[in-house]
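Me: I should like to learn how to read the features of a protein model one at a time. Could we take each general idea and then its case in the structure?

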Amino acid sequence: MSQHPRPRFTYLGHATVRCDLPGGEVVLIDPWVQGNPSCPEDLKSFDRLDAVLITHAHYDHMGDALELCKRHKPKKVVASFEICSWLERKGVKSCSAMNLGGCQDVLGLQVTMVRADHSCGLSDGDQILYGGAAAGYVVRLPAGFTFYHAGDTALFSDMQLLGEMYRPELAFLPIGDLFTMDPTQAARACRFLGVRKVIPIHWGTFPLLTGTPAKLEKALEAYGTACEVVTLKPGESY
Ligand SMILES: [Zn+2]
């Protein structure tokens, strides 16, 4: 483990994660707060938003992107080319589009967009537009701390490659099943990634999502994988 200052991560429920960087900047991953039944009321608004990262176009990941980006004017809004084009058409400035495999500097963080096995339709009125590829992010802090937010994804064996290349210390992994990995697949993902800590996301928001952190702990034990499950209730920080 590196001894460098780390971000403070606050889980806002579902897949939404607020990162308070050591310098005070606020980065929001997957902005969905207003309609998010898990998000605590007092955490739905922000004093500042310096950057926004969007993994894919589904409403439960970018439902508040427009509203929040217009209000707080983050320095960078990072998403697929297609999502960025849509946001720009709706009046968001400072979009910084990227695609799978690419890396860019965001407030001094090295942000790499990586594969996710998922769909990415963008709901606009009663239409579903093409939103580009669904993605995850590997984020490297200047001082050496690296984390991975998988977005919504199935298990894929290239997670081994992400582990080898980026050596993330911490992963945010979906465990809810049905739309994403279940806890058994997520346990294997932890082994592929070589992470020592995992924060489960995309669970408990709706009754349909049946995966739980307890099931993930059991699955990790069954695999003999030494990875700590850091379970955050919405509103809790790590
Ligand atoms: Zn989702």
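Reply: Let us begin with a hairpin in this predicted model. The hairpin of β9 and β10 has two residues between its strands, and G125 takes a positive phi near 65° there. The two strands run antiparallel and are joined by four bridges. One of the pairs is D124 with Q127, its bridge partner in β10.

Me: In the hairpin of β7 and β8, which residue takes a positive phi?

Reply: That residue is L107, with a phi near 55° in a hairpin that has two residues between the strands. L107 has this positive phi although it is not a glycine. Its relative accessible area is 26%, so L107 is partly exposed. On either side of the turn, β7 (residues 103-106) and β8 run antiparallel, joined by four bridges. V106 has L109 in β8 as its bridge partner.

Me: Where is H202, and is it buried or exposed?

Reply: H202 lies in the loop between β14 and α6 (213-223). Its phi is also positive, about 60°, although H202 is not a glycine. The cut-off for a buried residue is under 20% relative accessible area. H202 has 2%, so it is buried.

Me: How should I read the way strands are joined into a sheet?

Reply: The general idea is that strands of a sheet pair through backbone hydrogen bonds, either parallel or antiparallel. In this model, an open sheet of seven strands follows the order β7-β8-β11-β12-β13-β14-β15, with mixed pairing. β7 and β15 (228-229) stand at the edges, each with a single partner strand, so one side of each has no neighbour in the sheet.

Me: Which strand pairs illustrate the parallel and antiparallel cases?

Reply: For the antiparallel case, take β8 and β11 (residues 135-140), joined by six bridges. Within this pair, V111 has V139 in β11 as its bridge partner. For the parallel case, take β13 (residues 170-174) and β14, joined by five bridges. There L173 stands opposite P200 in β14.

Me: How many residues of β8 are buried?

Reply: Strand β8 (residues 109-115) is mostly covered, with five of its seven residues buried.

Me: How do I read a helix in the same manner?

Reply: An α-helix has 3.6 residues a turn, so residues three or four places apart point the same way. A useful step is then to list the buried residues and to find what they pack against. In helix α3 (residues 81-89), the buried residues are I83, C84, S85, W86 and L87. They pack against several elements, including α1 (59-62), α2 (65-72) and β5 (76-80). The strands β6 (95-98), β9 (121-124) and β10 (127-130) are also among their packing partners. Just after α3, G91 takes a positive phi of about 105°.

Me: What can be said of a loop residue such as D117, and which residues is it in contact with?

Reply: For a loop residue, one may consider its place, its exposure and its contacts in turn. D117 lies in the loop between β8 and β9. With a relative accessible area of 30%, D117 is partly exposed. Leaving aside neighbours within four places in sequence, D117 is in contact with D152, T153, A154, L155 and F156. D117 and T210 are 93 residues apart in sequence, and their C-alpha atoms are 19 Å apart in space.

Me: Is G194 buried or exposed, and where is it found?

Reply: G194 is found in the loop between α5 (183-193) and β14 (197-201). The cut-off for exposed is over 50% relative accessible area, and G194, at 51%, therefore counts as exposed. From G194 to L87 the distance is 35 Å, C-alpha to C-alpha, and the two are 107 residues apart in sequence.

Me: How do I read the chain as a whole?

Reply: One may go from its elements to its overall dimensions and its surface. The protein chain has six helices and 15 strands. Its radius of gyration is 16 Å, close to the 18 Å that the globule rule gives for 238 residues, so the chain is as compact as a globular protein of that length. The C-alpha trace spans about 50 × 40 × 35 Å along its principal axes. Of the 238 residues, 55% count as buried. The accessible surface comes to about 10,100 Å², and 51% of this belongs to carbon and sulfur atoms.

Me: What do contacts and charges add?

Reply: Among contacts with a separation of 6 or more, residues 24 or more positions apart account for 61%. The chain has 23 positive and 26 negative charges, and the mean positions of the two sets are 4 Å apart.

Methods
Residues numbered from 1 in each chain as written. Predicted model: local features only at pLDDT ≥ 70, side-chain atom pairs only at ≥ 80, totals over all residues. Heavy atoms only, no water. Rg over C-alpha atoms; globule rule 2.2 N^0.38 Å. Buried < 20%, exposed > 50% of the residue type's maximum accessible area, 1.4 Å probe, protein only. Contact = heavy atoms within 4.5 Å. Areas by Shrake-Rupley, 256 points an atom, 1.4 Å probe, with all protein chains shown as cover. Lys, Arg positive; Asp, Glu negative; His and termini not counted. Charge placed at Lys NZ, Arg CZ, Asp CG, Glu CD. Pairing = 2+ DSSP bridges.
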